[in-house]
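Student: Could you show me how to read a model like this one, feature by feature, beginning with burial and the loops and ending with the ligand?

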Amino acid sequence: PRPILLTRHGESKDNVRGRIGGDTVLSDKGEIYAKKLSNFVEKRLKSERAASIWTSTLQRTILTASHLGGFPKIQWRALDEIYAGVCDGMTYEEIKKNMPEEYEARKKDKLRYRYPRGESYLDVIQRLEPVIIELERQRAPVVVISHQAVLRALYSYFADRPLKEVPHIEIPLHTIIEIQMGVSGVQEKRYKLMD
Ligand code: F6P
């Protein structure tokens, strides 16, 4: 069975500031994770010459992949983080204070809530379909470096979690989720490389 490794990008400068969305670079900590990830993947996929690295088109995932040599890299726009529309770049506190109705609406139905001029979780799930088809078709291991909401959706697909749980699944930073698809179903391991 071939593994699929899922990970968020290393901590970004916006993660540190609590800002959602955006396209910032990595923090110093995020940069350390990028190096640790590269060591881990090189050991884990040593003999897997056909493996590939998939990132989003956002800097923080591309930079997280930057130390990984020897594997082809593919950028997918479909792996970009959920787009928060008019709220892009805000903190949750700012949304709560300046747009309380939006904040409440999202709290009530996080799965279906669509940010004004942005996306909902259901939108993200839909745009991931081509990625999932391609992942299923691959024979070789794939490392997917993406974002919290997108990985909630991808993980839920492979782990067969119900739709309503998707927006609440824990996908911590600096942790690799390894999924193995075998005849007897799906197996999962988590490797926390740092805090
Ligand atoms: O805070 C990091 C982040 O990836 C944001 O860019 C994104 O809007 C958010 O997480 C998604 O998580 P949630 O749906 O819980 O707000």
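Student: Is H174 buried or exposed, and how many C-beta neighbours does that rest on?

Tutor: Burial is read by counting neighbours, and a residue is called buried if 20 or more other C-beta atoms lie within 10 Å of its own. H174 has 20 C-beta neighbours inside 10 Å and therefore counts as buried. Please keep in mind throughout that this is a predicted model. H174 lies in the loop between α8 and β5, and its phi is near 60°, a positive value in a residue other than glycine.

Student: Which other residue in the loop between α8 and β5 has its place there, and what is its phi?

Tutor: D160 is placed in the loop between α8 and β5, and it too is a residue other than glycine with a positive phi, near 60°. D160 comes just after α8. The burial count gives another reading here, because D160 has 8 C-beta neighbours inside 10 Å and so counts as exposed.

Student: What about L173, and which residues does L173 touch?

Tutor: Between the two extremes there is a middle class, and L173, with 19 C-beta neighbours inside 10 Å, counts as partly exposed. Its place is again the loop between α8 and β5. Leaving aside residues up to four places away in sequence, L173 touches R8 and E11. Separation in sequence and separation in space are two distinct readings: L173 and V186 are 13 residues apart along the chain, while their C-alpha atoms are 22 Å apart.

Student: Where are M99 and R77, and how exposed is each?

Tutor: M99 sits in the loop between α4 (92-98) and α5 (100-108), and with 17 C-beta neighbours inside 10 Å it counts as partly exposed. R77 is in the loop between β3 (73-75) and α4, and it is exposed, with 10 other C-beta atoms within 10 Å. For distances, the C-alpha atoms of M99 and V124 are separated by 23 Å, with their positions 25 residues apart along the chain, and those of R77 and V25, 52 residues apart along the chain, by 17 Å.

Student: How should I read a helix, taking α8 as the case, and why does its span agree with what is expected?

Tutor: An α-helix has 3.6 residues a turn, so residues three or four places apart point the same way. For the length, a rise of 1.5 Å a residue means that the 12 residues of α8 (residues 148-159) should span 16 Å, and because the end C-alpha atoms are 16 Å apart, the two agree. The buried residues of α8 are A149, V150, L151, R152, A153, L154 and Y155. What covers these buried residues includes β1 (3-8), α6 (121-127), β4 (142-146) and β5 (175-182).

Student: Which residues touch the most other members of the largest nonpolar core?

Tutor: A core is read as a connected set of buried nonpolar residues, and here the largest has 41 residues, of which L6, V143, V144, V150 and A153 touch the most other members. At least two residues of this core come from each of β1, α2 (28-44), β2 (52-55), α6, β4, α8 and β5. The most is given by α8, with six residues. To follow one member outward, V144 touches I4, L5, L6, W54, L79 and L154, not counting residues up to four places away in sequence.

Student: How does the whole protein read, and why does its radius of gyration agree with that of a compact globule?

Tutor: The protein has eight helices and six strands, and from the N terminus on, the order is β-α-α-β-α-β-α-α-α-α-β-α-β-β. A compact globule of 195 residues would have a radius of gyration near 16 Å, and the value of 17 Å for the protein agrees with this. Along the principal axes, the C-alpha atoms fill a box of roughly 50 × 40 × 25 Å. Buried residues make up 34% of the 195 residues. Among contacts with a separation of 6 or more, 62% come from residues 24 or more positions apart.

Student: Finally, which residues are around the ligand?

Tutor: A binding site is read first as a list and then by class. The residues around the ligand are N15, I20, G21, E81, I82, A84, H147, Q148, A149 and P167. This shell has five nonpolar, four polar and one charged residues.

Conventions
Residues are numbered from 1 along each chain as its sequence is written. This is a predicted model: local features need pLDDT of at least 70, side-chain atom pairs count only at pLDDT 80 or more; totals for chains, interfaces and linings use all residues. A residue is near a molecule or strand if its C-beta atom, placed from the backbone, lies within 6 Å of it. Ala, Val, Leu, Ile, Met, Phe, Trp, Tyr, Cys and Pro count as nonpolar, Asp, Glu, Lys and Arg as charged, and the others, Gly among them, as polar. Helices (H or I, at least four residues) and strands (E, at least two) are DSSP runs, numbered from the N terminus. The expected span of a helix is 1.5 Å times one less than its number of residues. A residue is buried if 20 or more other C-beta atoms lie within 10 Å of its own, exposed if 12 or fewer, and partly exposed in between; C-beta atoms are placed from the backbone. Two residues are in contact if their C-beta atoms, placed from the backbone, lie within 7 Å. The radius of gyration is taken over C-alpha atoms; the globule rule is 2.2 Å times the number of residues to the power 0.38. A nonpolar core is a set of buried Ala, Val, Leu, Ile, Met, Phe, Trp, Tyr and Cys residues joined through C-beta atoms within 7 Å.
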